[in-house]
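The report that follows describes a protein chain from its atomic model, moving from charged pairs to the sheet, the helices and the core. Please keep the sequence and the 3D view at hand while reading.

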Amino acid sequence: YTFGEKSNMWLVDRNGDIYISEDAIHSGKNLKDFLPSNVIDSINSFSNANLDRAQVLEYKNPEGIIYDLIYQELKSTDWALVLQIPRNESVAFVDAIRINTLIACFIIIILLIIIFYLISNRIANPYKRAIQLNQQMEMLVNERTLELKEKNQKILDSIEYAKMIQESILPSHEEMRDIFSDYFLLWKP
């Protein structure tokens with residue numbers, strides 16, 4: 001597996017001899033052929049310390065390019081795994097992870113907004129429908145009340161009109177007294 005275009009992964013013994021490499025040309029050679037002496041000294045101090053976890057160090061090659069070097073001893077053998085990767089490639093790898101993470105977060109946020117909208121719409125929709133039904137019922141009650149008021153007014157007008165007709169047919173109180181000395185009138189319009 002290649003980590004970058006200019007990266008190297010080697011399986012080395014305690015002397016720095018390369019047994020397995022991504023690049024077949026490196027097999028059979030020594031780390032001294034590829035790394036500066038101060039880096040080799042650091043690797044030797046790692047191997048003498050018998051550390052259980054991977055050790056990381058950085059260095060500049062003669063051209064001024066910064067490299068990250070990862071050294072991990074394999075417990076089951078006397079070998080160690082050494083990974084050399086230019087900093088710009090490892091940073092590009094981290095940037096790709098960062099960009100992918102941001103894209104995934106953005107997609108998740110969009111999905112959460114859509115889900116929230118759908119759920120809230122399903123919850124709010126029956127409530128909205130109940131409000132609309134309530135408004136329709138109120139309009140219907142108002143219409144019926146208006147009809148009843150109109151009919152009531154027609155009835156009252158009719159009664160008033162009948163009263164006027166009856167009053168116009170019956171003689172007045174003074175006329176009745178002149179004609180009859182004793183009388184009564186049953187008036188129920």
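## A buried glutamate and its partner

Glu73 has a relative accessible area of 14% and therefore counts as buried. The model in which this is seen is a predicted one. The side chain of Glu73 meets that of Arg14 in a salt bridge, with 3.7 Å from N to O. This pair links distant parts of the chain, since Glu73 belongs to strand E4 while Arg14 sits in the loop between E1 and E2, 59 residues apart. Arg14, with 42% relative accessibility, is classed as partly exposed, whereas Glu73 is buried.

## Salt bridges

How many salt bridges does the structure hold? There are five. Side chains of opposite charge can pair when their charged atoms come close. Three of the pairs are set out below, with the N to O distance and the relative accessibility of each partner.

| Pair | N to O distance | Accessibility of Arg | Accessibility of Asp or Glu |
|---|---|---|---|
| Arg14 and Glu73 | 3.7 Å | 42% | 14% |
| Arg98 and Asp95 | 2.8 Å | 47% | 28% |
| Arg144 and Glu147 | 3.5 Å | 44% | 35% |

Asp95 and Arg98 both lie in helix H2, and because they are three residues apart, about one helical turn separates them. Arg144 and Glu147 are likewise three residues apart in helix H2, so that they too are separated by about one helical turn. Asp95 is partly exposed, as is Arg98, and the same class applies to Arg144 and to Glu147.

A network of salt bridges also links Glu58, Asp68 and Arg87. Within this network, Asp68 lies in strand E4 and, with 12% relative accessibility, counts as buried. The side chains of Asp68 and Arg87 are joined by a polar contact of 2.6 Å. Leaving out residues up to four places away in sequence, Asp68 touches Leu57, Glu58, Leu83, Gln84, Ile85, Arg87 and Ser90.

## The sheet and the helix across it

Strands of a sheet pair through backbone hydrogen bonds, either parallel or antiparallel. In this model, five strands form an open sheet in the order E2-E1-E5-E4-E3, and their pairing is antiparallel. E2 and E3 (55-60) stand at the edges with a single partner strand each, so one side of each has no neighbour in the sheet. On average, and with direction ignored, neighbouring strands of the sheet are turned by 25° against each other.

Strand E1, residues 8-12, and strand E2, residues 18-21, run antiparallel and are joined by three bridges. Across this pair, Leu11 stands opposite Ile20, and Val12 stands opposite Ile18. The two strands form a hairpin with five residues between them, and in the turn Gly16 has a positive phi of about 90°.

Helix H2, which spans residues 87-169, lies across E3, E4 (66-73) and E5 (80-86), and runs at about 85° to E5.

## A buried asparagine beside the hairpin turn

Asn30 is located in the loop between E2 and helix H1 (37-49). Is Asn30 buried or exposed? With 16% relative accessibility, Asn30 is buried, because the cut-off for that class is under 20%. The side chain of Asn30 reaches the backbone nitrogen of Lys32 at 3.0 Å. Apart from neighbours within four places in sequence, Asn30 is in contact with Asn15, Gly16, Asp17 and Ile18; of these, Gly16 is the residue in the hairpin turn that has the positive phi.

## The nonpolar core

In soluble globular proteins, nonpolar side chains tend to be buried together. The largest nonpolar core of this model has 16 residues, and those with the most contacts inside it are Leu31, Leu35 and Leu69. At least two residues of this core are supplied by each of E1, H1, E3, E4 and E5, and the largest share, four residues, comes from H1. Leu35 touches Trp10, Ile40, Ile43, Tyr59, Leu69 and Gln84 when residues up to four places away in sequence are not counted. Leu69, one of the residues touched by Leu35, is itself among the core residues with the most contacts.

Methods
Residues are numbered from 1 along each chain as its sequence is written. This is a predicted model: local features need pLDDT of at least 70, side-chain atom pairs count only at pLDDT 80 or more; totals for chains, interfaces and linings use all residues. Side-chain values use heavy atoms; hydrogens and water are left out. Two strands pair if DSSP finds at least two bridges between them. Axes are lines fitted to C-alpha atoms, for helices over the stretch in contact, and angles run from 0 to 180 degrees between N-to-C directions. Contact means heavy atoms within 4.5 Å. Buried means under 20% relative accessible area, exposed over 50%, partly exposed in between (1.4 Å probe, protein chains only). A polar contact is a pair of N or O atoms within 3.5 Å; within protein, one must be able to donate a hydrogen and the other to accept it, and residues adjacent in sequence count only if both atoms are side-chain atoms. A nonpolar core is a set of buried Ala, Val, Leu, Ile, Met, Phe, Trp, Tyr and Cys residues joined through side-chain atoms within 4.5 Å. A salt bridge is a side-chain nitrogen of Lys or Arg within 4 Å of a carboxyl oxygen of Asp or Glu.
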